[in-house]
Amino acid sequence: MDSSSNKRSSIIYLLLFASIIILVMYNFQQQTANSEALTLGEIAAQIRAGEISKITINEDDLVVVYPDGREATSQKEHTSTFVEQLKELGVTTEELNPENITIEIKAPSAWFGVLNVLGYVLPFVMMAGLLWFVFRQARGGGNAAMSFGQSKARKIEGDNPSVTFADVAGVPEAKEGLYEIVEFLKEPEKFMALGARIPKGVLLMGSPGTGKTLLAKAVSGEAGVPFYTISGSEFVEMFVGVGASRVRDLFNRAKKDSPCIVFVDEIDAVGRQRGAGLGGSHDEREQTLNQILVEMDGFDTDTNVIVVAATNRPDVLDPALLRPGRFDRRVILDRPDIRGREGILNIHVKGKPLASDVDLKRLAQATPGFVGADIENMVNEAAIKAAREEKTAIEQEDFEESIERVIAGPERKSRLISENEKKILAYHEAGHAITTRALPDADHVHKISIISRGMAGGYTLILPEKDHMLVSRNKLLADIIGLLGGRAAEELIFNDITTGASNDLERATQLARKMVTRLGMSDELGPMVYGKKDELIFLGREISEQRDYSESVAEKIDAEIKRLMTTSYQNATDILKKYKDELNSLAKKLLEQETISKEELDEIFPVPIAKTAGVPVVNNA
Ligand code: ADP
Ligand code: MG
Ligand code: ZN
C-alpha cells in the first residue's frame, strides 16, 4: 500500500514539474518577443548608417546595442550565417569592420541545451509513465507489481520469544512430538556429532483453531530461534513463477539466519495433489510447490532450517510433500478433551479477575467440541460482557452466556455436541472398541475419542501391532466386524441408528467387495478375480473399472457382499451382547473424560481373555 501511494504521488510530481518547465519556456519566449523587434533589413540599414555599436548573436537570436545603451532584438534566418545574410542585404565588409561594430557570437547556454533536450525527451517519459500507470491499474494488484518475487515473509525474532509451550494446552501428544524439534534447534551440534539427520519438515495437521500457528510459534520460542512465517495462500497471487521466486527468496534469507524455523501456514493452498494430466492443474501452484520441494531437498545436512507447515486438509496434500526427507514428521492436533479444555481455559483466564463462583472444570464440561480458538473467543466475550455490566470480576454466568454466543457465531453453529449426541457417540465408539478388542485377529485399539476430528463425530484409533505382509481372511472379517461395531452398538442400546456410521459402512462395504471380487475369498464365487481395473500404476490411483462378467454373476457378487455384511453385523451385535457390561462402562468413561487411552481400556476390558479364547467368526461358509 505504502509504496503504491508513493508511486502515485511521484507521478503527480513529475507532471507538475513538466508543466512548470513548459510554462517557463513559454514565458521566456514571450519576453524576448515583447522587447523592441527589428527586421533584418532595418538592421542592415542601421549598420550602413553606423548607428549600431554591438550585435550579440545567440543561435538565431540577435541583440542589437546602440551607443546610448538602448537595446533591440531580432531574428536571423536559420539557414546561413548572420554575416552572409547581411551581405545579401548589401552590407559591405568595410561596414562590418570591427572598428565600426562589434559582433559577438555566444555559445548556446548549457541550461538552454538541457531545456531543449527535455523538450524532446519529456513527452516520451510522460507517455511511458502513463502506459505504466494504466498497465498497473489493469493488473489491479496494488503494489504487487513492484514487489513481486520478493518474499512477504515476516520475521519474528526468536531472541525474545513471546510464545512458549506453556501457552499451549490440550495437545499433549503434539507437544511431545515437537519437543524433539526444539532440542534439534537448541543444540544442533549435539545431534550432528553423532551423524543424525536433522528433520527437515514437520507437518502440523488439525482442525482450524486447534492451535497450529500457536504451536509453531511456541517451537521457535522454546528453542529461541528466529521464526519466518508465510502463508500458502499468499503464494497464489499473481504471475506464474512469482510464488517460486518468493520461496527461493524466503529460503535464502532463512538459511543465512539458521538455525531457524520457516513456517508455511495453510500449505494446502499450494500443496494440493498435482494432476496427472486429468482435469486442469494450476501452473502457479505447481511451480511454487516444486520450488518448496527443491529447497527442502537442497538443504545440506548441516542446514539447520526446519520447515514447519500447517494444514487442516491433510487429505488433499500432494504425496510428494509427505515423502521421507520432506514433511516426514507429522503432528496431529486433536480437538481438546475435557482436561485439555480446562488447561486452555486456565491459560486464557490468566491475568483476568475471576469471581469466586467461577468453576473452570464445569465450563470445560459444558464445551465439548470447542477448539482452542473457540475457548479464547469465549473467555474474551465473557470479559466484554462483564465489563459492560460494570462488574469488577468475571462471573460464572458471564462465561456460560458467552458459550452460547460463540456457538451462535459464524461457522460455529454445529460445533457444540449436545448431551444426547455425546451419549450416542460414546456408545458408537465403544462399540468399535469392544468388537475390535474381542476378535483375536483384529488390530489393537490405541485410543478412543468422542471429540470430533474433522468431519467424523469421534474416532477409535486402531493400529496394527506390526505391518502385515499377508492378510488372512479372518483378519479382514474382523476388520469388517469392527467397522460395523459402531452401528451395532447404537442399535443395541438405543434401538435406533444414526448417520454417524456412514463412513464405517462405506469402508466395510469396500472391504467386503474386495474380498469377493479381487481376493477370491468367497466360497460362492470361488478363487477368481472379477472385473478389470485400469490404474495409473505410477500414481497408484484407480481410474475406472471394466466389467468382464455376466449379469447373473453380477447378481451373485451383490448377494455375496450383502451376505458378508449382514453376517458380520450379526457377529458384531453378538459380541456386544456378550460384553454388554464392558460396553456400558466404556461408554460411561468416555462420557466422563471424552478420550480413553490404551491403558485405561485395558482396565475396563482386559483383552487377553478374548484374544486368546477367540470369538468364533462364522462368516465363512
Ligand atoms: P490454527 O492455526 O490451528 O487455526 P491458531 O494457532 O491460529 O489456530 O489459534 C488461534 C488462537 O486460539 C491462538 O492464538 C490461541 O490464543 C488460541 N488457541 C488455539 N489453540 C490453543 C491451545 N491449544 N492452547 C491455548 N490456546 C489456543
Ligand atoms: Mg493458523
Ligand atoms: Zn464409527
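**The zinc site**

Begin by selecting the zinc ion (ligand 3) in this predicted model. Three residues coordinate the zinc ion (ligand 3): His428 and His432, each through NE2, and Asp504 through OD, at 2.0 to 2.1 Å. Along the chain, the donors of this zinc ion follow the spacing H-x3-H-x71-D.

Next, display helix 16 (residues 419–438), which carries both histidines. His428 and His432 stand four residues apart in helix 16, so about one helical turn separates them. Are these two residues buried or exposed? His428 has a relative accessibility of 4% and therefore counts as buried. His432 is likewise buried, with a relative accessible area of 7%.

**The whole chain**

Zoom out and colour by secondary structure. The chain contains 22 helices and 16 strands. Of its 621 residues, 42% are buried. Among contacts with a separation of 6 or more, 74% join residues 24 or more positions apart. Switching to a surface representation shows what the chain exposes: about 33300 Å², of which carbon and sulfur atoms supply 54%.

**The crossing of helices 17 and 19**

Select helix 17 (residues 473–494) together with helix 19 (residues 551–578). Their axes come within 7 Å and cross at roughly 65°. The crossing of helix 17 past helix 19 is right-handed. To view the contact, show side chains on both helices. Helix 17 contributes Leu477, Ile480, Ile481, Leu484, Gly485, Arg487, Ala488, Ala489, Glu491 and Leu492. From helix 19 come Leu564, Met565, Ser568, Tyr569, Asn571, Ala572, Thr573, Ile575, Leu576 and Lys577. Sorted by class, the contact of these two helices comprises 13 nonpolar, four polar and three charged residues.

Now centre the view on Ala572, in helix 19. Its relative accessible area is 0%, so Ala572 is buried. Which residues does Ala572 contact, leaving aside its neighbours within four places in sequence? They are Thr435, Ile481, Leu484, Gly485 and Ala488. Of these, Ile481, Leu484, Gly485 and Ala488 are among the helix 17 residues that make the contact with helix 19, while Thr435 falls within the residue range 419–438 of helix 16. For a distance to draw in the viewer, take Ala572 to Leu439: the two are 133 residues apart in sequence, and their C-alpha atoms are 9.8 Å apart.

**Two loops with positive phi**

From helix 17, continue into the loop that leads to helix 18 (502–517) and select Asn495. Phi of Asn495 is near 55°, a positive value in a residue other than glycine. With a relative accessibility of 68%, Asn495 counts as exposed.

A second such residue is Glu390, placed in the loop between helix 14 (372–388) and helix 15 (396–408). Here phi is near 60°, again positive in a residue other than glycine. Glu390 has 70% relative accessibility and so counts as exposed.

**Helix 13**

Move to helix 13 (residues 360–365) and select Leu360. Leu360 is buried, its relative accessible area being 13%. Not counting residues up to four places away in sequence, Leu360 touches Glu342, Leu345, Asn346 and Val349. The C-alpha atoms of Leu360 and Ile344 are 10.0 Å apart, and the two residues are 16 apart in sequence.

Stay on helix 13 and select Ala364. Ala364 is buried, with a relative accessible area of 0%. What does Ala364 touch, not counting residues up to four places away in sequence? Its partners are Ile338, Arg341, Glu342 and Leu345. Glu342 and Leu345 also appear among the residues that Leu360 touches. A line drawn from the C-alpha atom of Ala364 to that of Ile375, 11 residues apart along the chain, spans 9.2 Å.

**Helix 6**

End the tour at helix 6 (residues 172–186), where Ala174 is the residue to select. The relative accessible area of Ala174 is 2%, so this residue is buried. Beyond its neighbours within four places in sequence, Ala174 is in contact with Leu215, Val331, Ile332 and Leu333. The pair Ala174 and Leu215 lies 41 residues apart along the chain, with 8.6 Å between the C-alpha atoms.

Notes
Residues are numbered from 1 along each chain as its sequence is written. Chains are lettered from A and ligands numbered from 1 in the order in which they are written. This is a predicted model: local features need pLDDT of at least 70, side-chain atom pairs count only at pLDDT 80 or more; totals for chains, interfaces and linings use all residues. Side-chain values use heavy atoms; hydrogens and water are left out. Donors are N, O and S atoms within 2.8 Å of the metal (3.2 Å for Na, K and Ca); water is not among the atoms, so sites may look incomplete. Buried means under 20% relative accessible area, exposed over 50%, partly exposed in between (1.4 Å probe, protein chains only). Contact means heavy atoms within 4.5 Å. Accessible areas come from the Shrake-Rupley method with a 1.4 Å probe; for residues, only the protein chains shown count as cover. Axes are lines fitted to C-alpha atoms, for helices over the stretch in contact, and angles run from 0 to 180 degrees between N-to-C directions. A crossing is left-handed if the near helix is turned anticlockwise from the far one by less than a right angle, and right-handed if clockwise. Ala, Val, Leu, Ile, Met, Phe, Trp, Tyr, Cys and Pro count as nonpolar, Asp, Glu, Lys and Arg as charged, and the others, Gly among them, as polar.
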